Structures are given as structure tokens and as C-alpha cells.
There are 2 protein chains.
Amino acid sequence: MTRETAKVSAEGHPLGFAQHDHSTCMNDALAAADARCEEDGLRFTPVRRKVLEILLQDHRALGAYAILDKLREDGFGSQPPIAYRALDFLVANGLAHKIERLNAFIACADTNHAHTPAFMICRLCNAVAEELSSSARNALHEVARATGFKIERTIIEAEGICPSCINKTES
Amino acid sequence: MTRETAKVSAEGHPLGFAQHDHSTCMNDALAAADARCEEDGLRFTPVRRKVLEILLQDHRALGAYAILDKLREDGFGSQPPIAYRALDFLVANGLAHKIERLNAFIACADTNHAHTPAFMICRLCNAVAEELSSSARNALHEVARATGFKIERTIIEAEGICPSCINKTES
DNA sequence: AGACGAAATGTAATAACATGACAAGAGAGA
DNA sequence: TCTCTCTTGTCATGTTATTACATTTCGTCT
Ligand SMILES: [Zn+2]
Ligand SMILES: [Zn+2]
Ligand SMILES: [Zn+2]
Ligand SMILES: [Zn+2]
């Protein structure tokens, strides 16, 4: 998690490893979150909003303590529960996801989908892409039904090398 | 991870949540590990063997420090690296798996298969079943190919309630 | 407006998980 | 036997996450 953490939209790959207008992407996500919380009667407080903003800065997973550092810089509290509570809220309401492989968190790339997506994690540049359709999840439910196991949550993560990094190493 | 950690083969569910002869299961696994290490020129040292035995005690995931406690009881070293190194060995050679969701480890239920299975984790009794065929993994590889992402490892875990615990709560 | 209860935050302390670094020992091959 | 490599012992430290409790904020009811 000591990798550079600056914005990288300019160099190309994040958000599904595809180039995109990042400021738009970020504004849209925040607006969607605002709307969503309004609608559901959730309290989108300053810390919670700030944490989502931090996560939206880049499409990478950030550890709770990295988030905490940024919160401190912006004058928020700096004890672990501050970050963990905000993250719990965001995760519980589908605005962020936890990447178990990394013990880290990422902003949701599309708050308008049926949740529990799959993630693809680049071990070189740390970018994380959210795969929404996820036929893998369906396959998993199939298996579970056969076993009599009642699934409450699925964790599907692939670790490897993203298209952008493949190109770099080939050159 | 503070749940009771005693053997439970008698009460039924683990190992794919199915009843089975646990002492046979354990002996077979150790024998297979012996053979495997012999064959591949790996050094199946006392600590490594002991850690595998500990994991085989029950089909539950155990944290590294829980393992460490048991190692201490049996007169082995008790510093974290002792356990982590043995676990690294077992995982690297397919004799154990790490459950990312729990930050814990489990003995492999079948050393004779092509690895990276899916896991089903019971949140009530902490039992973990290893799903070998895993069509979910294939589905994931499909998606990755389409994206140009090169998968090196997959993590597929389902959290929920096992058949045995479903029965208990219904009664 | 004032009182109240629920939700959110501030803060200190601690638990749980994991690695780095280096010295000492055991094993395999020249 | 020498030497190289892998393994183990041990101390120290780093990273991730939770418990506990006091305080504040906010909506709701009177
Ligand atoms: Zn999402
Ligand atoms: Zn990459
Ligand atoms: Zn296995
Ligand atoms: Zn169960």
C-alpha cells in the first residue's frame, strides 16, 4: 500500500482499466450518493462524504489507515474508528466495497447495480476494476443450492495484471 | 475467531458439511502430504507437519495465532514467524489454503486436484467447505479474457449458513 | 421551546494479524 | 570436511481492526 496514490486518470487504465473523464466520474458518483442517501433517509455526514471523496480520487483500493491520514490532513478526527465507521456506512449502503485480498476499500463504480460484483486487482499498479455482471456469482449460487448452503455474501476477486500493465511490460 | 475450536467431526457437518470418518480423513491427508513432499523433494519438517496436523483437527479456518498457541503447547517455537513460515510452505505447496475473508487458514481437503477452489464459510459454526469443481472460476476467467486482464490467482468465497446450522436454527 | 431517545462522533486503549532483520542450526553435495 | 542453501529461533516492529465509554448532534414528541 506504499505505492504512489496520486490520480492516474491521465495515464489511462483505472475504472475497469479504461480511460475516462475522471472529474465527471467523481462528480457523478458524489451526486448519486447524495441522491441515494436523501432517498433512503440516510445521513450523509461530512466525514462519510469526505471518505467517499477520498476513495473516488483514484480507482485504487485504499487501506483504512491511508484514508485516516487524508482525513487528518483535512481536519477530521484521526482515530481508527473515525475511518472504520465511515467505511462501514459506505459499504453497508453499497457506496463502497471492501477488497478482502488487500484489506482495503474502494468506491463503488456503479451504485445503480445489483450488488456484490467481482473485482480484478492488478498486482503491479494496484488498480481495481469492478465487474458488474459476474456470471461467476451465479455459478457459485448454483453450487451452493446443490449443497444446501445458504449464501449471504459472495467474495469474488481475481488477482493478476491489468491490460495497461501488460502493455508496459511487453515494451 | 473466539468461537469454540474443538473437534466437531462427531456432530456431523464439516468437510463439505458432510459427515465422515475424521480420523481416516486426517491420516489420509497426512499420508498424502508425506508422499507429495517425498515426490517433489520438499522438506516436510516437524513444524510444518505439526501445523498441518493442527489444521486437520477440524475443518475450520484457524488464525495464525491460534495455531501458534497450539504449537507452543506442543513445545515448538512460539514467535509469529514460526507459524507464518510453516503456513507459507503449506499454502505454496497446495497442502493448505488461506481464507481471505477470515484472515485464517484451512487444510486442503483434496491434495489431488487442480487448485484454487471455491470456499463456503459458515458464519455460525465457522466450518469451511472446499468446492473443487468451481464453475465460478471458469466464469471468472471468461470475463477476464474479454477484458484483457491476466488472472494469476482467483479468490472465490461464499459466506453464509451451512446445512447443519440451517437445521439447528429451524428447530 | 424543552425534553427525550437514537444515531453519530471524539478519544483512549487494546486486540488481532503480519513482516523485517539477523543470528544460529541442520542438510545436501563437492 | 568445507561450503552453500534452506530452515529455524528470536526480537522487534508494522499494519489492520475493535472495544469501551464519554460527548455531541439530530429528529421527534409534547
Ligand atoms: Zn459496486
Ligand atoms: Zn496495472
Ligand atoms: Zn485444496
Ligand atoms: Zn454451520
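Which residues is A:T154 in contact with, leaving aside its neighbours within four places in sequence?

**Entry 1. A:T154**

I opened the notebook with this residue, keeping in mind that the model is predicted. I placed A:T154 in strand 5 of chain A. I then listed its contacts beyond four places in sequence: A:T116, A:R137, A:L140 and A:H141 from chain A, together with B:E157 and B:A158 from chain B. I looked up its accessibility and found 5% relative accessibility; because buried means under 20%, A:T154 counts as buried. I also checked A:T154 against A:R101: the two are 53 residues apart in sequence, and their C-alpha atoms are 13 Å apart in space.

**Entry 2. B:T154**

I turned to the residue with this number in chain B. I found B:T154 in strand 5 of chain B, which spans residues 150-161. Is B:T154 buried or exposed? I noted that B:T154 is buried, with a relative accessible area of 5%. Setting aside residues up to four places away in sequence, I recorded that B:T154 touches A:E157 and A:A158 across the chains, and B:T116, B:R137, B:L140 and B:H141 within chain B.

**Entry 3. The two copies**

I next asked how the chains are related. I noted that chain B can be laid on chain A with an RMSD of 0.1 Å, by a turn of 179° and a shift of 0.1 Å along the axis. The two copies are thus related as by a two-fold rotation axis. I then looked up the interface: 97% of the interface residues of chain B are also interface residues in chain A, so the copies meet through the same surface.

**Entry 4. Chain A as a whole**

I counted the elements of chain A and recorded six helices and five strands. In what order do the elements run from the N terminus on? I wrote the order down as α-α-α-α-β-β-β-β-α-β-α. Chain A has 171 residues, of which 47% count as buried. I noted an accessible surface of about 8100 Å² for chain A, with 49% of it belonging to carbon and sulfur atoms. For the contacts in chain A between residues at least 6 apart in sequence, I recorded that 54% join residues at least 24 apart.

**Entry 5. Zinc ion (ligand 2)**

I looked up which residues hold this ion. The zinc ion (ligand 2) is coordinated by the SG atoms of A:C122, A:C125, A:C162 and A:C165, at 2.2 to 2.4 Å. I noted the spacing of these donor residues in sequence as C-x2-C-x36-C-x2-C. The pair A:C122 and A:C162 links distant parts of the chain, 40 residues apart. I placed A:C122 in strand 3 (residues 118-122) of chain A, and A:C162 in the loop between strand 5 (150-161) and helix 6 (163-170). I found both A:C122 and A:C162 buried. Why is the arrangement around the zinc ion (ligand 2) tetrahedral? I recorded that its four donor atoms subtend angles of 104 to 119°, which makes the arrangement tetrahedral.

**Entry 6. Zinc ion (ligand 3)**

I repeated the look-up in chain B. The zinc ion (ligand 3) is coordinated by B:H97 (NE2), B:C108 (SG), B:H115 (NE2) and B:E130 (OE), at 1.8 to 2.2 Å. I noted that these donors follow the spacing H-x10-C-x6-H-x14-E along the chain. Here the pair B:H97 and B:E130 links distant parts of the chain, with B:H97 in strand 1 and B:E130 in strand 4 (residues 128-131) of chain B, 33 residues apart. I found B:H97 buried, and B:E130 likewise. The angles among the four donor atoms run from 84 to 133°, and I entered the site of the zinc ion (ligand 3) as irregular.

**Entry 7. Helix 2 of chain B**

I examined helix 2 (residues 46-57) of chain B, which has 12 residues. From its first C-alpha to its last, helix 2 reaches 16 Å, close to the 16 Å expected at 1.5 Å a residue. Which residues of helix 2 of chain B are buried? I listed B:K50, B:V51, B:L52, B:E53, B:I54, B:L55 and B:L56. I noted that their cover includes helix 1 (22-40), helix 3 (64-73), helix 4 (80-92), strand 1 (96-99) and strand 2 (104-107) of chain B.

**Entry 8. A:V91**

I closed with A:V91, which lies in helix 4 (residues 80-92) of chain A. I recorded A:V91 as partly exposed, with a relative accessible area of 33%. Not counting residues up to four places away in sequence, A:V91 touches A:A96, A:H97, A:K98 and A:F105. I found A:V91 and A:C108 to be 17 residues apart in sequence and 8.8 Å apart in space, C-alpha to C-alpha.

Terms used:
Residues are numbered from 1 along each chain as its sequence is written. Chains are lettered from A and ligands numbered from 1 in the order in which they are written. This is a predicted model: local features need pLDDT of at least 70, side-chain atom pairs count only at pLDDT 80 or more; totals for chains, interfaces and linings use all residues. Side-chain values use heavy atoms; hydrogens and water are left out. Helices (H or I, at least four residues) and strands (E, at least two) are DSSP runs, numbered from the N terminus. Buried means under 20% relative accessible area, exposed over 50%, partly exposed in between (1.4 Å probe, protein chains only). Contact means heavy atoms within 4.5 Å. Accessible areas come from the Shrake-Rupley method with a 1.4 Å probe; for residues, only the protein chains shown count as cover. The expected span of a helix is 1.5 Å times one less than its number of residues. Donors are N, O and S atoms within 2.8 Å of the metal (3.2 Å for Na, K and Ca); water is not among the atoms, so sites may look incomplete. Four donors count as tetrahedral if all angles lie between 85 and 135 degrees; four count as square planar and six as octahedral if opposite donors are over 155 degrees apart and all others between 65 and 115; anything else is irregular. Copies are superposed by least squares on the C-alpha atoms of residues with pLDDT of at least 70 in both.
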